[in-house]
Amino acid sequence: MAEQINTLEDLNQVAGVAAAAEAELAPREPVRDELGRAYATGKRKDAVARVWIKPGSGKVTINGKPQNEYFARPVLQMILAQPFGITNTDGQFDVVATVKGGGLSGQAGAVKHGVSKALQLYDPSLRGALKAAGFLTRDSRVVERKKYGKAKARKSFQFSKR
């Protein structure tokens, strides 16, 4: 059985051993396929995006269409540009994404999540900036289900005493 820790000095000694073991770990390696692309899956609400990034001129293609054609609203285009703005890699990567499910807003969030994860896999030094901005965390908020006896998830029908 493991030795028992009774004092604060024992705890500090064990923590020092753990920190030394963690320092010995190798830095993260880039994850790329044989074509030099990084792949990641992004999710938001009911939308799922499969995203590939590779070095290029900054061209973004979603479901075979250019970004400004698929996401016509400027707000959605701005959402897609956020990971590149945070990491100062504007115009350095080409993005190819396929998106299914949800609406346009959820799809834009899914592509943003996928691009962030793919950037981090392509260049692990970008992980800190992306994590600090919260782009690597999947937004788990989804629509609440409708309950029986209710008009919607929480809204009730009008009450009448008669």
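Q: Before we look at the sheet, when do two strands count as paired?
A: Two strands pair if DSSP finds at least two bridges between them. Keep in mind as we go that this is a predicted model.

Q: With that settled, in what order do the strands form the open sheet?
A: Here is the general idea first. Strands of a sheet pair through backbone hydrogen bonds, and the pairing may be parallel or antiparallel. In this structure, 5 strands make up an open sheet whose order is β1-β2-β5-β3-β4, with mixed pairing. The edge strands are β1 and β4 (65-66), and each of them pairs on one side only.

Q: Which helix packs on the sheet?
A: Helix α4, residues 104-122, packs there and touches β1, β2 (47-55) and β5. The direction of α4 makes about 145 degrees with that of β1.

Q: The pairing is mixed, so to speak; could you show me each sense, starting with how β1 and β2 run?
A: Gladly. β1 and β2 run antiparallel and are joined by 7 bridges. To place one of these on screen, find Ala40, whose bridge partner in β2 is Val51. For the parallel sense, turn to strand β3 (residues 60-62) and strand β5 (residues 93-100), which pair over 3 bridges. There, Val60 stands opposite Val95 in β5.

Q: Which side chains of β1 point to one face and are buried?
A: The general pattern helps here. Side chains in a regular strand alternate between the two faces of the sheet. Along β1, Ala38, Ala40, Gly42 and Arg44 point to one face and are buried. Tyr39, Thr41 and Lys43 point to the other face and are not buried.

Q: Arg44 catches my eye; why does Arg44 count as buried?
A: The cut-off does the work: buried means under 20% relative accessible area. Arg44 has 16% relative accessibility, so it counts as buried. Arg44 lies in strand β1, residues 38-44. Leaving aside residues up to four places away in sequence, Arg44 touches Gly106, Gly109, Ala110, Arg138, Asp139 and Arg141.

Q: What should I look for in the turn between β1 and β2?
A: Start with phi. Most residues other than glycine have a negative phi. β1 and β2 form a hairpin with 2 residues between them, and Lys45, in the loop between these strands, has a positive phi of about 50 degrees although it is not a glycine. At 40% relative accessibility, Lys45 counts as partly exposed.

Q: Where is Asn88, and what is its phi near?
A: Asn88 is in the loop between α3 and β5. Phi of Asn88 is near 55 degrees, a positive value in a residue other than glycine. Asn88 is exposed, with a relative accessible area of 63%.

Q: Now for empty space: what is the volume of the largest pocket, and which residues lie nearest its centre?
A: The general idea is simple. Rolling a probe the size of a water molecule over the atoms shows where empty space is left. The largest pocket has a volume of about 210 Å³. Its lining has 14 residues, of which Arg44, Gly109, Lys112, His113 and Asp139 lie nearest the centre. β1 and α4 each supply at least two residues of this lining, and α4 gives the most, with 5 residues. By class, the lining of the largest pocket has 2 nonpolar, 6 polar and 6 charged residues.

Q: How do the residues lining the second largest pocket divide by class?
A: They divide into 7 nonpolar, 5 polar and 1 charged. About 150 Å³ of space lies in this second largest pocket. Of its 13 lining residues, Gly58, Val60, Gln67, Ala81 and Phe84 lie nearest the centre. α3 (74-87) gives the most to this lining, with 3 residues.

Q: Is Gln67 buried or exposed?
A: Gln67 is buried, with a relative accessible area of 18%. Gln67 lies in helix α2, residues 67-70. Beyond residues up to four places away in sequence, Gln67 touches Val60, Ile62, Gln77 and Leu80.

Q: Last one: which residues does Leu76 touch?
A: Setting aside residues up to four places away in sequence, Leu76 touches Phe71, Leu104, Ser105 and Ala108. Leu76 lies in helix α3 and, at 2% relative accessibility, counts as buried. Leu76 and Gln107 are 31 residues apart in sequence and 9.1 Å apart in space, C-alpha to C-alpha.

Conventions
Residues are numbered from 1 along each chain as its sequence is written. This is a predicted model: local features need pLDDT of at least 70, side-chain atom pairs count only at pLDDT 80 or more; totals for chains, interfaces and linings use all residues. Side-chain values use heavy atoms; hydrogens and water are left out. Helices (H or I, at least four residues) and strands (E, at least two) are DSSP runs, numbered from the N terminus. Buried means under 20% relative accessible area, exposed over 50%, partly exposed in between (1.4 Å probe, protein chains only). Contact means heavy atoms within 4.5 Å. Axes are lines fitted to C-alpha atoms, for helices over the stretch in contact, and angles run from 0 to 180 degrees between N-to-C directions. On a 1 Å grid over the protein atoms alone, a cavity is a set of points where a 1.4 Å probe fits but cannot get out, and a pocket is an open set with protein on both sides within 12 Å along at least five of seven lines; lining residues have an atom within 4 Å of a point. Grid points are joined across faces, edges and corners, and a volume is the space filled by probe spheres set on the points. Ala, Val, Leu, Ile, Met, Phe, Trp, Tyr, Cys and Pro count as nonpolar, Asp, Glu, Lys and Arg as charged, and the others, Gly among them, as polar.
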